[in-house]
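Open the model in your viewer and keep the selection tool handy. We will go from stop to stop, picking a piece and seeing what is there.

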Amino acid sequence: MKLYTRPLYAPDTSIGKPRDPSMTTTATTPKFVARDVKVYYGDKPALHGIDIDILDKSVTAFIGPSGCGKSTFLRCLNRMNDTIPSARVDGTILLDGEDLNDRKVDPVVLRARVGMVFQKPNPFPKTIYENVAYGPKIHGLATSKEEMDHIVESSLKKASLWNEVSDRLHQQGTGLSGGQQQRLVIARAIAVGPEVILMDEPCSALDPIATAKIEELIDELRQQFCIVIVTHSMAQAARVSQKTAFFHLGNLVEVGNTEDIFTNPKDQRTQDYITGRFG
Ligand SMILES: Nc1ncnc2c1ncn2[C@@H]1O[C@H](COP(=O)(O)OP(=O)(O)OP(=O)(O)O)[C@@H](O)[C@H]1O
């Protein structure tokens, strides 16, 4: 299967459209290449120079003790730190070879390509249908009701929610269970045709059954998307990811195949963390 990428500088009309056929990506292609990424909140450094390649069509887990900078780095990947006035980001992050911090990059286009799901499910106070149709509507992705219906249905199917909600699309999204709300939010992100889905502790507010469903979904989504997940659960990282990155005190200590990180880490700090000596 050929997979395509779109230019970052493209106008809004590129959102949700087929990607540039001149560029192809595979499961071994880095989607992101980050070099010497430093983040400060005011004068306080939070990340001290992160270098990492994040592969396409796979799941990368960020693990590490509280406050080590996992979420801060995740937010660098779709410029969500722009929304925090005190935050300053230095260094380079390339998305498909293009500098996503370049002044020419439109963050709205970037965030359609690089969607994000948060810890607490945050559906809009609207119907299930409207939640999913919201992004396509503002980006003008559907020219008819039929097209919009199709986007809503296929997004809900990709998020493994369609069978549970197809008979109540016009009920409030906030009336769903926590796990269903999280899948609704994933469907909302999928609806604008992203290439990457960032997940910041997506299961921490969910019970074990809802968590298992999201983990199953993540495994399906990685066929099509680059997925980056922040998790406090090492068991979850081991279950869902192919690559794991261990952060400590604002540094990326080590990144590698998940199995290697959990069975044969190179750095003593990783070893200490995965064996529960701190964090
Ligand atoms: N909006 C903010 N303003 C000021 N400092 C912040 C802000 N967000 C994070 N920090 C600080 O940056 C550092 C890294 O925080 P971050 O939330 O990225 O870590 P984390 O590894 O994701 O932590 P946790 O696992 O607890 O969510 C911490 O010292 C934190 O206090």
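Start by selecting helix H4 (145-158) and colouring Glu-146, Glu-147 and His-150, which are exposed on one side of H4. Exposed here means 12 or fewer other C-beta atoms within 10 Å of the residue's own, buried means 20 or more, and partly exposed lies in between, with C-beta atoms placed from the backbone. Helices (H or I, at least four residues) and strands (E, at least two) are DSSP runs numbered from the N terminus. Before going on, note that this is a predicted model, in which local features need pLDDT of at least 70, side-chain atom pairs count only at pLDDT 80 or more, and totals for chains, interfaces and linings use all residues. Residue numbers run from 1 along each chain as its sequence is written.

Now turn H4 around. Which residues of H4 are buried? They are Ile-151, Val-152, Ser-155 and Leu-156. Looking down the axis of H4, you will find these buried residues within an arc of 120°, so they line one face of the helix; the arc is that of the directions from the helix axis to the C-beta atoms. Show H3, helix H5 (162-165) and H6 as well, since the buried residues of H4 pack against them. A contact here means C-beta atoms, placed from the backbone, within 7 Å. Just after H4 comes Ser-160, with a positive phi near 55°.

Next, step back to Leu-141, in the loop between helix H3 (128-138) and H4. Why does Leu-141 count as buried? Because 20 other C-beta atoms lie within 10 Å of Leu-141. Draw a distance from its C-alpha to that of Ile-151, 10 residues away along the chain, and you should read 8.9 Å.

For another helix, select H7 (residues 208-221), which has 14 residues. Its first and last C-alpha atoms are 20 Å apart, close to the 20 Å expected at 1.5 Å a residue; that expected span is 1.5 Å times one less than the number of residues. Colour its buried residues, Thr-211, Ile-214, Leu-217, Ile-218 and Leu-221. Down the axis of H7 they also fall within an arc of 120°, so they line one face of the helix. Pro-208, Ile-209 and Glu-220 are exposed on the other side. Among the elements covering the buried residues of H7 are strand E5 (59-63), strand E9 (196-200) and helix H8 (234-240).

Two loops come next. Lys-57, between strand E4 (44-55) and E5, has a positive phi near 50° without being a glycine. Lys-57 is buried, because 21 other C-beta atoms lie within 10 Å. Then pick Leu-249, between strand E11 (243-248) and strand E12 (251-257). Leu-249 is not a glycine either, and its phi is positive at about 50°. With 14 other C-beta atoms within 10 Å, Leu-249 is partly exposed.

Now select the ligand and its shell, which includes Tyr-41, Ala-46, Gly-64, Lys-70, Ile-84 and Ser-86. Shell residues have their C-beta atom, placed from the backbone, within 6 Å of the molecule. Helix H1 (residues 70-76) gives the most to this shell, with three residues.

Finally, zoom out to the whole chain, with its 10 helices and 12 strands. Buried residues make up 45% of its 279 residues.

Terms used. Two residues are in contact if their C-beta atoms, placed from the backbone, lie within 7 Å.
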